[in-house]
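Biologist: I am new to this protein and would like a close look at a single part of it. Please take me through that part slowly, and then place it within the rest of the chain.

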Amino acid sequence: MTLVFHIAAIVAIISTVLVITQTNAVHALLYLVVSLLSIAVIFFVLGAHFVAALEVIIYAGAIMVLFIFVVMMLNINAQTAKEEEKLLKPAMWIGPGILSLILLGEFIYVLASGNNQMFRTQEITPKQVGLSLFNTYLLGVELAGMLLMAGIIGAYHLGKEKKKFVHRFLKGETE
């Protein structure tokens, strides 16, 4: 299992570096999803199955929805749509696809290995998760919420159409 852990960690590091270095937002998003999935595999290997599921559902899913929401708010015109079609070529999916296939292979190996030692877990109730999130990790949860809200507000202001402002004394001359 340590080999699976190390491979998932290498995939996480590579995809995270590619998230930071990509100049295209769509490419960076794909590598971000791969990074989040590799972290989920790491959590699964360590025996935190619930956290792995939350990682996939909340982070990978919510990041995708948030990104789509931001793109929808950024008034896309016909020229931007043409540029986006150029970006969605199959060649763009090669890097994230290879890294995702490595993670899928690891996950299948872990499930098929038959090592039941890692599946002996203690039941954790939703109440315990809620108490942990809103007692021990309250500051982190609040900061993540504020960061997401700031991103949404920033995207709204970037996408909002700029109105041409004409001073009230100049209105009669320009009309």
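Which helix gives the most to the lining of the largest pocket?

Modeller: Please keep in mind that this is a predicted model. The helix that gives the most to the lining of the largest pocket is α3, with 10 residues. It helps to set the scene before going further into that helix. The protein has 175 residues, of which 19% count as buried, and its secondary structure comes to 8 helices and 0 strands, so that reading from the N terminus the elements simply run α-α-α-α-α-α-α-α.

Turning to the pocket itself, its volume is about 920 Å³, and its lining is made by 26 residues, among which V51, L54, I58, Y59 and L133 lie nearest the centre. Helix α3 covers residues 49–73, and it is joined in the lining by α6, at 126–136, and α7, at 138–159, with each of these three helices supplying at least two residues. In character the lining is mainly nonpolar, since 19 of its residues fall in that class, while 6 are polar and 1 is charged.

Within α3, Y59 deserves a careful look. This tyrosine is found in helix α3 and is one of the residues nearest the centre of the largest pocket, yet Y59 is only partly exposed rather than buried, because its relative accessible area is 45%, a value that lies between the 20% limit for buried and the 50% limit for exposed. Y59 also takes part in a nonpolar surface patch of about 380 Å², which it makes together with V56, I57 and I58; of these partners, I58 is likewise among the residues nearest the pocket centre.

A52, which lies in helix α3 as well, offers a contrast, because its relative accessibility is 7% and A52 therefore counts as buried. From A52 to V41 there are 11 residues in sequence, and the C-alpha atoms of the two are 6.7 Å apart in space.

For a view beyond α3, one may turn to Y109, whose place is in helix α5, residues 94–112. Y109 counts as partly exposed because its relative accessibility is 48%. Although Y109 and V4 are 105 residues apart in sequence, their C-alpha atoms are 8.5 Å apart in space.

Notes. Residues are numbered from 1 along each chain as its sequence is written. This is a predicted model: local features need pLDDT of at least 70, side-chain atom pairs count only at pLDDT 80 or more; totals for chains, interfaces and linings use all residues. Side-chain values use heavy atoms; hydrogens and water are left out. On a 1 Å grid over the protein atoms alone, a cavity is a set of points where a 1.4 Å probe fits but cannot get out, and a pocket is an open set with protein on both sides within 12 Å along at least five of seven lines; lining residues have an atom within 4 Å of a point. Grid points are joined across faces, edges and corners, and a volume is the space filled by probe spheres set on the points. Helices (H or I, at least four residues) and strands (E, at least two) are DSSP runs, numbered from the N terminus. Ala, Val, Leu, Ile, Met, Phe, Trp, Tyr, Cys and Pro count as nonpolar, Asp, Glu, Lys and Arg as charged, and the others, Gly among them, as polar. Patches are made of residues with over 30% relative accessible area and no salt bridge: like charges are joined within 9 Å, nonpolar side chains (Val, Leu, Ile, Met, Phe, Trp, Tyr) within 5 Å. Accessible areas come from the Shrake-Rupley method with a 1.4 Å probe; for residues, only the protein chains shown count as cover. A salt bridge is a side-chain nitrogen of Lys or Arg within 4 Å of a carboxyl oxygen of Asp or Glu. Buried means under 20% relative accessible area, exposed over 50%, partly exposed in between (1.4 Å probe, protein chains only).
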